[in-house]
Amino acid sequence: MNKYISVRKRDILLTGILLIFTLFFSALLQKVYADGAAEASGIYVTEVHVDKACYGLGDTVTVTAVIKNASAAEWSGKIYLKIFHNDQLMDTKNTALSLSAGTTASKTFTWTPPMEDYKGYLVQAYTKDSDSKTTAIDVSSEPSRFPRYGYIQNFDEEIKKNTIEDQVNTLTQDYHINLFQFYDWMWRHEVPIKRSDGTHPDKSWLDLFDRTISWDTLTGYINAVHNKNAAAMAYMMSYAAREGYTDYKVSPSWGMFKDTGHQSQFDVDFGNGRYLWMFAPTNALWQDFICKAYTDVVNTMNFDGIQMDQMGQRNNVFDYNGNSYDLKNSFSSLVNAAKKALQTNNAGKGLLDFNIVDGTVDGWALEDIAKNADTDFNFSEIWWLSNNYNQLRNYIEQLRGLSGGKAAVLAAYMNYNMNYGRCYEAEDASYNGVDVATDHPGYSGRGFLQNFAQQGDYVQFTIHTEEAMTYALVFQYGDKDAEATRTIYLDGNKIGQVGFHAKGNWDTYAHDAYMNTYLSAGSHTIKVSYDAVDKGAINLDSLTLGEFEESSIRLADAAIAASGASHIELGAGLDDVTMLGSEYYPNTSKVMSGDLKTAMKEYYKFITAYENLLYDPEITYSDQGNQYISINGQNISGDGRPGTIWHMTRMTEEYDILHLINLTAERDSEWRNPSAAPGNLTKLEVKYYLSPDAPISGVYTASPDYNGGGSQELNYETGSDNTGTFVTFTLPSLEYWDMVYIRRSVAAPKDGIYEAEKAVKTGVTVNTNHAGYTGTGFLDSFAEPGDEVTFQILAPSDKQYALNFRYSNHTGSSASRHVYIDGNYAGVLKMSDLSSWDTWENAALSAYLKKGVHTVSIYYDGSDSKGINLDSLKVN
C-alpha cells in the first residue's frame with residue numbers, strides 16, 4: 001500500500017540571476033523553439049496536423065500546415081517545421097510561400113522518423129511572422145502500446161459516407177484517437193451478425209434496444225478507421241447470450257446458476273422482454289462457441305480485435321452440475337482461449353482487451369486478469385469503489401504493476417447522472433393549462449408545473465446560447481403512473497417528441513428525458529406541448545442545456561494520465577465528436593462546449609507527444625510522501641487532497657518526472673464532480689530532492705494548458721542541505737497540470753553501496769560519533785514514527801535483488817522498520833539488538849526489480865519500534 005507523510009521543509013531563496021532568467025523565459029512562453037518569431041499583424045498558422053493516427057516503423061509522416069494572411073498586403077516568407085522528442089530536437093524543415101492578402105494556403109512536409117518503435121514526437125509549425133501551432137506524432141507498430149481509445153456507437157443507415165469520414169478524421173487528426181471501440185453493433189450477443197439466408201450478412205438488423213444497425217454504415221466506419229491507420233475493436237459480451245439462446249445452439253448446461261439445481265440462471269433483465277443470460281467462462285464448449293463468433297466477426301467485418309465485456313461481481317455462483325463456481329478467477333481462461341483463437345485465425349487481427357468491471361485496488365477479478373490474461377492492454381470500468389483522485393491513482397499503479405507495465409484504459413464516466421448545465425425553471429416560463437405547485441419535494445427553483453395532462457397544455461422556455469452547436473435539451477420531471485410523451489418545438493417549428501418514464505411516485509424527479517438539436521447563437525424558444533399524438537401526465541420542473549463541466553474533465557484527465565492510464569471518453573457523434581458520460585454509450589444528454597473541445601485537443605496532443613514520459617512500461621513510481629518536494633507558499637499533497645497542489649513523481653533511466661496538478665480550488669476530491677476552475681498560479685518556486693548520484697543536464701516543463709504542449713527549458717540550481725541533494729527552479733505557470741522532467745544520469749555506486757547520509761532524509765540527522773561506518777557518516781535519531789530515509793537506486797537488469805540495510809541497534813531489544821519500493825510495501829526489516837552502537841550488522845530483504853531507476857524507502861511506521869542508526873543500503 002502507498003503511504004503518505006507530511007514533512008516540513010526549509011524554503012530557500014533563489015539568486016537574483018535565476019529570478020531574472022526565469023522571468024525572461026516566462027515572457028517567451030508562447031515563442032519557445034520559434035527562432036525569435038515575433039507576431040506580425042494578420043499572419044497566422046491556423047492549423048497543423050498529421051495524416052495518420054499512428055505510424056509503423058519506416059512509414060513516412062505527412063505534416064500539413066495551414067497559413068492565413070489576414071492582412072491587407074501580400075506576404076512572402078518561409079514556413080518552418082521543428083520536430084521534438086521530449087527535450088531533443090530531432091529535425092527541422094522549411095519551405096517558401098507567398099500569400100496574397102486575405103488568402104489561405106496549405107503546405108505539406110514529409111518526415112521519416114528514426115527506426116525506433118513506440119516513440120512520441122511534438123511537431124511545431126510557424127513563420128518568422130507568426131506564433132506557432134503544434135501537433136503530435138505516434139510511431140507505434142501496435143496501437144495497443146499507447147492506446148488512445150475512442151468509440152463509435154451509432155450505425156444508423158441514414159449516416160452518410162462523408163459524415164463517417166469527417167467524424168473519423170476529426171477524432172484521429174484533432175484528438176489522435178488510435179483505437180475505436182464499436183459499441184453495441186451486434187445483432188445478438190452470441191450470434192453477432194444476422195444472416196437471414198444462413199450465409200450472407202443482412203443489410204441491416206436491430207440491436208438489443210431495437211436500434212437499426214446498417215451493414216454499410218458499420219463497414220464504412222471500419223474502413224474509415226483503417227484509412228487513418230487506427231484499429232477497430234468489436235465490442236462483445238464475453239459470457240452472455242440473449243433470450244431464446246437455445247435456438248442458436250447454445251446449451252443451458254454451459255450456464256452459471258444461482259442454485260445447485262440449475263433452475264435459476266444468472267441474467268440481466270432489461271425490462272423489455274430482453275435478457276442476457278450468463279455462461280461459465282471456463283466451460284470448454286462455451287469457449288469454443290464464443291471464440292468461433294469472435295473469429296467470424298474478424299473475418300467477416302475486418303475488425304482488428306475484440307473488446308471483451310462482462311457483468312461484474314456475482315456471488316454464490318454454481319455451474320449446471322451444482323458445483324460452486326469461482327467466477328472471479330475464471331475470466332483469464334476465456335481470455336486466453338480467445339487470444340489463441342484470434343491469433344491462430346489471423347495474427348494481424350488478434351488485438352484483445354477485457355473489461356475489469358468496478359476497478360479498484362485489490363478489486364474483484366483484478367489479479368486474475370492483470371497477472372494471467374493474455375490481453376494486449378487492460379481496460380477497466382470505474383464505478384463506486386474508486387471515487388476520488390487518489391483511489392484512481394493507486395488503482396492504476398497496481399493494475400500496471402501486476403501486469404508488468406501493460407497499458408491501461410479507464411472507462412470513467414464524468415459528471416455521471418448529474419443534471420449539469422444552464423438551467424431554466426419551468427415556473428419562470430410561459431405556460432398554458434398548468435399551474436405552479438410545491439407539494440412534491442425535490443424540485444429545483446421555486447416549484448414545478450403540475451396538471452400537465454391534457455391536449456393543448458404547454459410550457460414555453462426562452463433560452464439564450466453563446467455558441468452555435470448541437471445542444472442537449474434535458475427535461476427534469478416527475479411521472480408517477482405511466483409512460484408519457486410531449487412534442488417539442490424550436491422557435492415555433494416541430495423538432496421531435498420526448499418520452500417521460502414512470503417512476504412510481506410524484507416525489508421522484510428524473511432527468512432522463514432529453515433530445516439533441518442544433519441551436520445557433522442567440523435567443524430561442526423551446527416549447528414543450530401536449531399535442532394530439534402525446535399521452536400521459538407529468539410534472540415539469542426545469543429545462544437544462546446539458547453539458548459536461550470543463551474543469552472536472554480537465555482535472556480528472558490530468559489525474560488519469562499522470563497516474564499512467566488513458567481515458568475512453570471521445571466518440572463519433574454530435575458535431576463530429578461527443579463525450580462519454582454513461583455506461584450506455586449512445587446517451588448524449590450532455591455535450592461538449594467549444595472550450596472543452598479545444599482543451600481536449602490540447603490534452604490528446606500532449607499525451608501523444610509525451611507518451612514515453614507518461615506510459616512507457618519501464619516507468620517506475622515513487623511513494624506519496626512530501627519528502628521529495630516543496631513549493632514556496634503553497635500547500636502540497638501526494639494524495640490528491642482538495643486545496644493543494646497534488647504532486648506525483650515518476651522515474652525513467654533518463655529522467656525524474658514530476659507531475660503537478662492544481663487542486664487548490666477543489667471543494668472535494670471526487671473526480672466525477674463538477675469543479676471550480678483553478679486559478680493560474682505563477683512563478684512557483686520549486687525545490688525537488690533527488691539522488692546525489694544523478695548529475696542533472698536539464699530541467700524542462702511542458703503542459704497541455706499552454707504553449708501548444710511545447711517544452712520550455714528552465715534555469716535551475718543544485719545544492720544540498722540536511723534533507724539531501726536538491727534542484728531548485730521557478731515554474732512559470734500552473735493552471736491545471738504541468739509536467740516537469742529533469743534530465744539526469746544515474747549510475748550505480750561502487751559495489752552497489754548507497755550511503756544513507758546522501759539519501760533523502762526525513763526526521764533523521766547525520767552523525768560520525770560511532771566508529772565503523774562507511775562513507776562520510778551515518779544517520780542517527782531514526783527513532784520516531786514518520787522518520788524516513790529514501791534511496792534512489794539503479795537496477796542494471798531485471799532480476800531478484802538483495803537489499804542489505806547496514807544498521808546499528810543497541811537499545812536492548814529488536815527494532816523494526818517498514819520498507820517501500822516505488823511506493824509499494826515490500827516488507828518489514830527486523831534488526832537485532834547488537835553489543836554496542838559501534839557494532840554494525842545487515843538486515844536484508846529480497847525484491848524483484850525491473851531494469852531501471854527505483855526508490856527504496858525505509859520508514860518508521862506506527863507499528864515499528866526502537867531507534868536505530870542507519871549506515872548504508874547495498875543492492876546486489
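**Entry 1: β41 and its sheet**

I began with strand β41 (residues 681–690) in this predicted model, and found that nine bridges join β41 to strand β45 (residues 725–734), the two running antiparallel. To place one pair along the ladder, I looked up Thr682, which stands opposite Ser733 in β45.

I then asked in which order the strands of this sheet lie. Four strands form an open sheet in the order β37-β41-β45-β44, and the pairing is antiparallel. At the edges I noted β37 (629–631) and β44 (716–720), each of which pairs on one side only. From one strand to the next, the twist averages 25°.

As a reminder to myself, strands of a sheet pair through backbone hydrogen bonds, either parallel or antiparallel.

**Entry 2: the hairpin at β44**

Next I followed the edge strand β44 to its partner, and saw that β44 and β45 pair in the antiparallel sense over five bridges. Within this ladder I looked up Thr718, whose bridge partner in β45 is Val727. How many residues lie between the two strands of the hairpin? I found four residues between β44 and β45, and in the turn I noted Gly724, which has a positive phi of about 155°.

**Entry 3: the parallel sheet**

I turned to another sheet, an open one of three strands in the order β20-β21-β33, and here the pairing is parallel. The edges are taken by β20 (378–381) and β33 (566–567), each with a single partner strand, so one side of each is left without a neighbour in the sheet.

Looking at the ladder between β20 and strand β21 (residues 408–411), I found four bridges joining the two, which run parallel. For Glu381, I noted that the bridge partner in β21 is Ala411. I also looked for what covers these strands, and helix α7 (residues 389–402) lies across β20 and β21, running at about 145° to β21.

**Entry 4: α4 against α5**

Moving to the helices, I looked up how helix α4 (residues 284–301) meets helix α5 (residues 331–345), and the two pack at an angle of about 40° with their axes 9 Å apart. Because an angle counts as roughly parallel only under 35 degrees, α4 is oblique to α5. The crossing in which α4 passes α5 is right-handed.

I listed the residues that make the contact, among them Trp286, Ile290, Tyr294 and Val298 of α4, and Leu334, Ala337, Ala341 and Leu342 of α5. By class, I recorded 10 nonpolar, five polar and no charged residues in the contact of α4 with α5.

**Entry 5: α2 against α3**

I then looked up helix α2 (residues 161–174) and helix α3 (residues 215–227), whose axes come within 9 Å and cross at roughly 40°. The two helices are therefore oblique to each other, and the crossing of α2 and α3 is right-handed.

On the α2 side the contact is made by Ile164, Gln167 and Val168, while α3 brings Thr217, Gly220, Tyr221, Ala224 and Val225. I sorted these residues of the contact of α2 with α3 into five nonpolar, three polar and no charged.

**Entry 6: α8 against α9**

The last helix pair I looked up was helix α8 (residues 550–563) with helix α9 (residues 594–609), which pack at an angle of about 10° with their axes 10 Å apart. That angle makes α8 roughly parallel to α9.

Which residues of the two helices make this contact? I listed Glu550, Ile553, Arg554, Asp557, Ala558 and Ala561 of α8, and Asp595, Leu596, Ala599, Met600, Tyr603 and Ile607 of α9. The residues of the contact of α8 with α9 divide into eight nonpolar, no polar and four charged.

**Entry 7: confidence**

Before closing the notebook I looked up the confidence of the prediction, and the mean pLDDT of the chain is 94, with 95% of its residues reaching 70 or more. Where does pLDDT stay under 50? I found this over residues 1–40, for which the model has 102 contacts beyond four places in sequence.

Conventions:
Residues are numbered from 1 along each chain as its sequence is written. This is a predicted model: local features need pLDDT of at least 70, side-chain atom pairs count only at pLDDT 80 or more; totals for chains, interfaces and linings use all residues. Side-chain values use heavy atoms; hydrogens and water are left out. Axes are lines fitted to C-alpha atoms, for helices over the stretch in contact, and angles run from 0 to 180 degrees between N-to-C directions. Angles under 35 degrees count as roughly parallel, over 145 as roughly antiparallel, 65 to 115 as roughly perpendicular and the rest as oblique. A crossing is left-handed if the near helix is turned anticlockwise from the far one by less than a right angle, and right-handed if clockwise. Contact means heavy atoms within 4.5 Å. Ala, Val, Leu, Ile, Met, Phe, Trp, Tyr, Cys and Pro count as nonpolar, Asp, Glu, Lys and Arg as charged, and the others, Gly among them, as polar. Two strands pair if DSSP finds at least two bridges between them. pLDDT is the predictor's confidence in each residue, from 0 to 100.
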